[in-house]
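Take a look at the model below. A trainee and a mentor will then go through parts of it.

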Amino acid sequence: MRMMRRALRLAERGAGQVAPNPKVGAVVVHDGAVVGDGWHARYGEAHAEVVALREAGERARGATVYVTLEPCDHDGRTPPCTRALIDAGVARVVYAVSDPNPLAAGGARRLDAAGIVTVGGVLREEAAESNALFLGALAHAERPFVTLKLALSIDGALVDQTRARREITGSASRRAVHALRAEHDAVAVGIETAIADDPALTVRDARAPRIAPARVVFDRTARLPLDGALVRSAAVTPVIVLTDGSAPAAEEGLRTRGVTVVAADTAAAALGALRHAGVRTLFVEGGAGIASALMGARLVDRLITFQSPVVLGAGALPAFSALPPDAARDVLLALRRRRRVGRDLMTAYSVGFVARD
C-alpha cells in the first residue's frame, strides 16, 4: 500500500501535461528499498515505468515495480512498457487499475506470459479517482466527461439574497480550481455568469497546462458581450459559444471576432458537438441555472464542491434552485474524495442517476 501511494503521488506530477494519456506513477523496489521513481511527465515522452527503470538501472533485475495503471502493451508514440519491464528482468509488477483502453490493454497477460508475477487492483479506487478524467473520457464516446464545480456556503448557497457576486471560498480553493481547469480540455460557464463576472476562464494560479483549455459559454441567444474578456482573447485561446440558433445576427457578430458558434437544439446535442470538436473533458463552473440544467438533463458525471465556513442565510440562492424535485430525487451521488483546502472543504462525488423505465 505504501509504495502504491508513493506511485500515486508521483503520478500527480503529470497533471495537465499528459492528456489525453493517463497520469501514471511508478516505483521500483529492490530488497525493500526504493531504487527508482518515475512518472509520465508529458504527452509523447517516456512512460512512468520506463523512467523508473532507467533510474533503477541494474537494480531493477529481480525487483518489484508498483505502477498506478496496468502497463501498456502497444507501440504508440513510445514503445510498450511491457517490453521495458521484461527486458529489465523485473520479478513482479503490482498495478492499481486495469487499462480499459483497447489499444493499450493486455499488459498483465503479456507480463504473465513472460514469467513475471502480476498483481492487480491494489488501491484501485484511489487510482481510479486520480485518473477519473482519463477513464471517464474513454467511457463516453458521444459527449465529453462533464465535471461540475460549485463554490458553496456552509448552508449550500451560491450567493446571498442580494445576488451580488462575491468570493465565497478562499485563495487556496481558487488555486485548486485553476489546477482542475488545467486538467480539462475545456472550461465552461453559463451566459449569466459570463455577463456578470466577465471571466477569462484561463489557468493562472496553477502550472500552465500543455494545451490551454478552450473556453465554452452556454448562451442560447448569443448574448456574450463583444467587448468582454472572452471575445477579446478568442484569437489566443479558443472560445466556443453554444446557442440554439435563434439569433443569427448576434452569432455572426461573434464569428467575425474569432468565436466558434455551435447551434444545437438541446444541451445533449451541444455536448455532442463539443466531443466531435475534440473536447473529451469539460469543467463547468456553474451558476444555479447551468448547474440545474445539466443535472436535470443527466449530463453531469462528476460533482466537485468547495464549501466555505460562511453562512449566507435567508433568501440565499441554492446551487440547484432550478432543479425540479422529481429530477433531484433521481440524482445518485457517491463520495470519492474529501480534503481540506485552506479554510474550505473540497468534496468530489461521482454522479449517477436512477434508471428510467
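The talk covers one strand, its neighbours and one helix.

Mentor: This is a predicted model: local features need pLDDT of at least 70, side-chain atom pairs count only at pLDDT 80 or more, and totals for chains, interfaces and linings use all residues. Residues are numbered from 1 along each chain as its sequence is written, and side-chain values use heavy atoms, without hydrogens and water.

Trainee: How many residues of strand 9 are buried?

Mentor: Strands here are DSSP E runs of at least two residues, helices H or I runs of at least four, numbered from the N terminus. Buried means under 20% relative accessible area (exposed is over 50%, partly exposed in between; 1.4 Å probe, protein chains only). One side of strand 9 has Ala-214, Val-216 and Phe-218, the other Arg-215 and Val-217, and all are buried. Strand 9 is largely enclosed by the rest of the structure, because the buried count is 5 of the 5.

Trainee: In strand 9, which residue is the bridge partner of Val-189?

Mentor: Strands pair if DSSP finds at least two bridges between them. Strand 8 (residues 186-190) runs parallel to strand 9, with 5 bridges. Val-189 has as its partner Val-217.

Trainee: And in strand 10, which residue is the bridge partner of Phe-218?

Mentor: Strand 10 (residues 239-243) pairs with strand 9 in the parallel sense, over 4 bridges. The partner of Phe-218 is Leu-242.

Trainee: How far apart are the end C-alpha atoms of helix 7?

Mentor: The expected span is 1.5 Å times one less than the number of residues. Helix 7 (residues 171-182) has 12 residues, so 16 Å is expected; this agrees with the end C-alpha separation of 17 Å.
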